[in-house]
Each structure stands twice: as C-alpha cells, then as structure tokens.
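This report describes a structure for a reader who has not met it before. The sequence and the model come first, and the description follows.

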Amino acid sequence: MPDGGDLVAANTRFVTEEELNTQRQYEQKVKSLLESRYEDKPLACVVTYGCQQNVADSEHIKGMLETMGYAFTDKRDEAKLVIFNTCAVREHAEDRVYGNVGALKKYKLANPDVVIALCGCMMQQEHIADKIHESFPFVDLVFGTHVVHQLPELLYTAMTRRKRVFELPDIDGVIAEGLPVRRDNDSKAWLPIMYGCNNFCTYCVVPYVRGRERSRKVADIICEFKQLVRDGYKEITLLGQNVNSYGKDLEPRVTFAELLRMLSKIDGDFRIRFMTSHPKDCTKELLETMAQCDKVATHLHLPFQSGNDRVLRAMNRGYTREKYLSLINYAKDLMGDALSITSDIIVGFPGETYEEFLDTLSLVKEIKATGLFTFIYSPRVGTPAAQMDDPVPHEEKAKWLAEILDAQEKISAENMKLHAGKTFKCFVVGRGKLGDNYLAARTDGNLIIEFIGDDGLIGTFQNIKVIEPLTFVMRGEIVK
Ligand code: 5AD
Ligand code: SF4
C-alpha cells in the first residue's frame with residue numbers, strides 16, 4: 001500500500017499557489033474597503049441549502065469572509081453581505097431559494113450598500129443564472145461551483161464596480177487546497193475527499209453542475225485529517241458523491257478502503273464516517289475494512305434508489321437488485337448487529353408502474369434499514385429522465401411514498417426493540433429532546449440515544465446502555 005506521501009493526481013487541475021496568492025491579496029483589499037466603510041466589523045449571513053458538500057463549501061466561504069474582516073449573523077436583515085449557497089437536486093430546493101431571494105428585495109432597496117450573492121449547484125445551470133439575471137436585478141453577485149476560491153476577487157469587483165458580477169465557467173472542475181475554513185461545529189467535521197460525479201444517473205443534475213470526479217491527494221487529506229484530530233474533532237465524515245471511486249484518478253491508484261485504513265491508523269480518539277457509497281463501486285474490500293477498523297463507524301449509507309431491475313437500468317445505476325442484496329448480506333455477515341444501513345429512494349421515476357414500485361417496497365422490507373431518505377422524483381432540466389414519459393400523477397406517487405414511510409416506521413421500531421439492554425459507545429452530540437436535562441448521543445450506527453447527563457459531556461465519547469427503545473430515539477443511561 002502506498003504511504004500517501006508521493007501520490008499525484010493524473011488529470012486534475014489544481015488551483016496554483018500563484019492563483020491563491022492573488023486571492024489572498026484580494027482578501028486584504030476587501031478588508032481595507034470594509035474598514036473604510038464601516039466602524040465595526042460588518043456582518044455576513046451565509047445560508048446553506050442541500051447536501052453536506054454544500055455545507056463544507058460554505059465553511060470555506062465563511063473562512064474566506066472571516067479573513068476579509070466579516071463577522072457572522074443568522075439574521076439576513078442585519079447583514080451587509082447575504083450569500084445563498086444553493087442546491088439543485090430537486091425542484092423543492094430551488095423554489096425555496098427563489099422565495100427567499102425575492103424576500104430580500106425590499107431590504108436591498110432600502111440598504112443599497114448590502115451585497116446579495118448566490119452560489120452553488122442551482123446557479124451553475126444556465127437557465128437559472130439567466131432567470132436570476134432577468135428577474136432578480138437586485139442580486140449583485142452570482143458565482144458557480146468551480147470558482148468558490150475566487151470569492152475574494154469576485155466580491156471586491158461587485159463592491160467596487162457599479163456592475164453585477166456573474167462568474168459561471170462551465171468546466172470539468174478544479175481542486176483548491178489550503179483555503180481558510182470556519183467550521184460550524186467544534187467536535188464534528190466534514191472532510192471532502194473528492195469532488196464531482198461521473199455516473200450520470202438519468203434523473204440527477206449533479207454531474208452537470210459539479211463537474212467530473214477528481215480526488216484530493218492522499219497527503220492533503222491526511223494532513224487535514226491530522227489537523228482536525230489535533231484540534232479536538234471527534235467525528236470526521238469523509239465526503240464525496242461516490243466515495244467508492246476515490247483514487248481511481250490518482251497515479252499510482254489508491255482505493256477508498258486503503259485511504260480509510262491509512263486514516264484509521266492515525267493516533268487519537270475519533271470516529272470516521274463517510275458518504276455517499278455507490279452500490280456499483282462498493283467493494284468487499286471496503287466492507288471488510290469497515291468491519292476491521294475500530295475507528296471506522298459501521299454505518300453504510302448505500303442508496304439503492306429502486307428495487308426493480310428495469311427501473312434501475314432506466315436510472316443508469318449500473319447494478320441489479322440482486323447485486324445490491326449480495327452487498328448488504330455480505331456486510332451483515334461481517335458486521336452483524338453492529339451494522340447500520342441507510343439508503344436514498346426515489347419514488348415515481350418516469351414510467352415506473354405500481355408493480356415496479358412494489359419491488360422497492362419489498363426491498364425496504366428485506367434490508368431493514370435504520371433510516372431512509374425518500375424522495376418523489378423531480379424532473380431536472382437537461383437530464384435524460386426529464387425527457388421520458390411520466391404519466392403517473394403526483395398524488396399517486398405521494399401515496400406510494402406514504403406506503404414506504406409506513407413500512408419503514410414499523411421496521412425502525414422493530415430495529416429499536418432489538419437494542420434494549422445493549423451498551424453502545426456513543427458520541428454525545430448535544431442537548432436532547434426528551435426533557436430539560438437530557439443529552440443526545442449517536443451510536444456508531446447513527447442511532448440516537450438520549451440520557452440524563454451534564455452539558456460537560458457534549459463532544460465526548462461515552463458508553464450508554466439502552467433502557468427503553470422509543471420510535472425514533474432510545475432512552476438510555478450512562479455506564480462507566
Ligand atoms: N428527483 C428526486 N430525487 C433525486 N435525487 C437526486 N436527484 C433526484 C431527482 N431528480 C435523490 C437521490 C439521491 C439523493 C441525494 O437525492 O435519491 O441519492
Ligand atoms: Fe447523482 Fe448518481 Fe452521481 Fe449520486 S451517483 S450524484 S445520484 S449522478
């Protein structure tokens with residue numbers, strides 16, 4: 001196995017040190033400008049929609065803004081800079097953005113010095129950027145997913161020229177190392193290991209807006225990981241659209257399982273999570289690594305989307321129901337009760353019949369997941385599925401979805417009962433909901449146990465015994 005020090009990516013374009021230095025100079029220019037305009041540190045409000053990758057991007061955006069001299073607020077109407085980091089994965093997410101941007105119009109008109117900026121996956125689509133340009137003239141800055149590292153320069157331009165800035169290059173993507181970061185949480189961290197997606201599932205917009213798959217160098221990941229451990233982070237989640245294809249573009253090649261092994265050998269008390277795994281590329285080696293490495297959580301988020309082979313083919317998913325089940329069964333053989341499975345499901349893919357949907361329902365019943373993320377199919381401009389006939393009305397699809405939720409609720413309750421009396425090593429995430437003095441803690445398998453405890457335990461690992469399984473959480477007590 002390579003030690004990770006000498007690996008280089010073959011085709012990826014890395015943002016150069018020179019380009020980063022230019023941005024650092026712009027950070028200082030924005031800082032001076034802000035100091036000349038405002039007595040106190042101006043406030044920025046960064047609103048994030050969508051997945052963890054967006055959350056991770058926003059943490060870099062906030063890191064850069066902090067360097068530029070901004071402080072932060074959650075209140076849009078007290079901010080001098082409002083940034084919406086948007087999501088394009090479903091229509092609902094886009095509608096929320098339009099509503100929220102529209103609501104800023106009055107505020108911007110009353111406060112012309114306020115900068116309104118939009119970025120993220122939604123903006124990377126041409127038809128959306130055009131719509132923003134025409135219908136939301138008070139938006140000052142729109143930038144795409146491949147130029148986040150250029151924020152200082154773009155912001156400076158938007159603030160100094162009386163011109164709107166739209167920067168949306170349509171490229172395969174870059175990797176920018178060494179950007180400042182301001183993390184939202186001080187014990188739980190997101191660590192992107194790769195960007196983009198090459199899978200082109202027929203319903204999905206992500207490959208069009210996030211570019212081609214590109215892996216960060218092993219050495220850069222290890223360096224960031226070690227820093228997180230030194231800074232006291234306890235739960236580190238490795239991120240990628242398809243973490244199982246990590247390293248395919250590196251020379252020499254390295255597998256995701258090898259990366260996990262390298263990270264789990266690092267000294268310290270921490271737990272590694274990762275998402276998302278794709279069944280097409282999920283290997284036995286990965287499942288064995290999960291089972292063998294104590295620091296790797298035995299939680300597998302492995303979306304199957306549909307349980308019907310014809311629908312899976314139409315989705316271009318690259319696996320069958322049988323292949324998916326064989327992976328799950330292998331993982332269960334290796335990890336037994338410790339394994340927790342979660343999945344994403346799409347209901348009502350174009351042309352899906354009720355009979356085909358029943359295959360999804362039966363797969364739900366068969367795998368007994370700990371949790372499901374369920375979605376009604378949402379047509380995305382430019383994707384092949386958006387061209388397919390879609391005769392089933394939305395209300396009908398909503399009924400199918402309700403059938404899945406109903407089945408899963410029973411499964412979750414049954415799963416919970418199996419845990420009565422067991423003790424889990426848990427990470428205490430924060431205050432609980434069962435009562436004032438309750439804390440919430442997460443098991444390796446991503447289940448929540450609430451127990452009575454002191455706030456000082458937040459951010460630590462504790463052994464907790466399950467006393468009473470409830471529907472969505474369990475009640476427990478701390479054991480020494
Ligand atoms: N419609 C509905 N759900 C979608 N997803 C991705 N694209 C769509 C779409 N067009 C879901 C998939 C994916 C999750 C992140 O979002 O289930 O795994
Ligand atoms: Fe979208 Fe499929 Fe890529 Fe996931 S693997 S981001 S669902 S195209």
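## Ligands, a sheet and a buried proline

Around ligand 2 stand Cys197, Asn199, Phe200, Cys201, Tyr203, Cys204, Val206, Pro207, Gln241, His278 and Arg317; a residue is near a molecule if one of its heavy atoms lies within 4 Å of it. By class, this shell around ligand 2 holds seven nonpolar, three polar and one charged residues. Here Ala, Val, Leu, Ile, Met, Phe, Trp, Tyr, Cys and Pro count as nonpolar, Asp, Glu, Lys and Arg as charged, and the others, Gly among them, as polar.

The model is predicted: local features need pLDDT of at least 70, side-chain atom pairs count only at pLDDT 80 or more, and totals for chains, interfaces and linings use all residues. Residues are numbered from 1 along each chain as its sequence is written, chains are lettered from A and ligands numbered from 1 in the order in which they are written, and side-chain values use heavy atoms, with hydrogens and water left out.

The shell of ligand 1 consists of Val89, Arg90, Tyr203, Gln305, Asp344, Ile346, Phe375, Ile376, Tyr377, Ser378 and Arg380. Six of these residues are nonpolar, two polar and three charged. Strand S17 (340-347) and strand S18 (371-376) each supply at least two residues of the shell; strands (E, at least two residues) and helices (H or I, at least four) are DSSP runs, numbered from the N terminus. The table lists polar contacts of ligand 1, meaning pairs of N or O atoms within 3.5 Å.

| Atom of ligand 1 | Partner | Distance |
|---|---|---|
| oxygen | Arg90, side-chain N or O atom | 2.8 Å |
| nitrogen | Tyr203, polar backbone atom | 3.0 Å |
| oxygen | Asp344, side-chain N or O atom | 2.6 Å |

Taken alone, ligand 1 exposes 400 Å², and the protein buries 85% of that (Shrake-Rupley method, 1.4 Å probe).

An open sheet has six strands in the order S4-S3-S5-S6-S7-S8, with parallel pairing; two strands pair if DSSP finds at least two bridges between them. Strand S4 (71-72) and strand S8 (165-167) are at the edges with a single partner strand each, so one side of each has no neighbour in the sheet. Within the sheet, strand S5 (residues 81-86) and strand S6 (residues 115-120) run parallel and are joined by six bridges. Leu81 has Val115 in S6 as its bridge partner.

Pro152 lies in helix H6 (residues 151-160). Why does Pro152 count as buried? Its relative accessibility is 0%, and buried means under 20% relative accessible area (1.4 Å probe, protein chains only). Not counting residues up to four places away in sequence, Pro152 touches Gln23, Tyr26, Glu27, Val30, Met64 and Met68, where contact means heavy atoms within 4.5 Å. Pro152 and Tyr26 are 126 residues apart in sequence, yet 5.3 Å apart in space, C-alpha to C-alpha.

Methods: Polar contact = N/O pair within 3.5 Å; in protein donor to acceptor, adjacent residues only side chain to side chain. Buried < 20%, exposed > 50% of the residue type's maximum accessible area, 1.4 Å probe, protein only.
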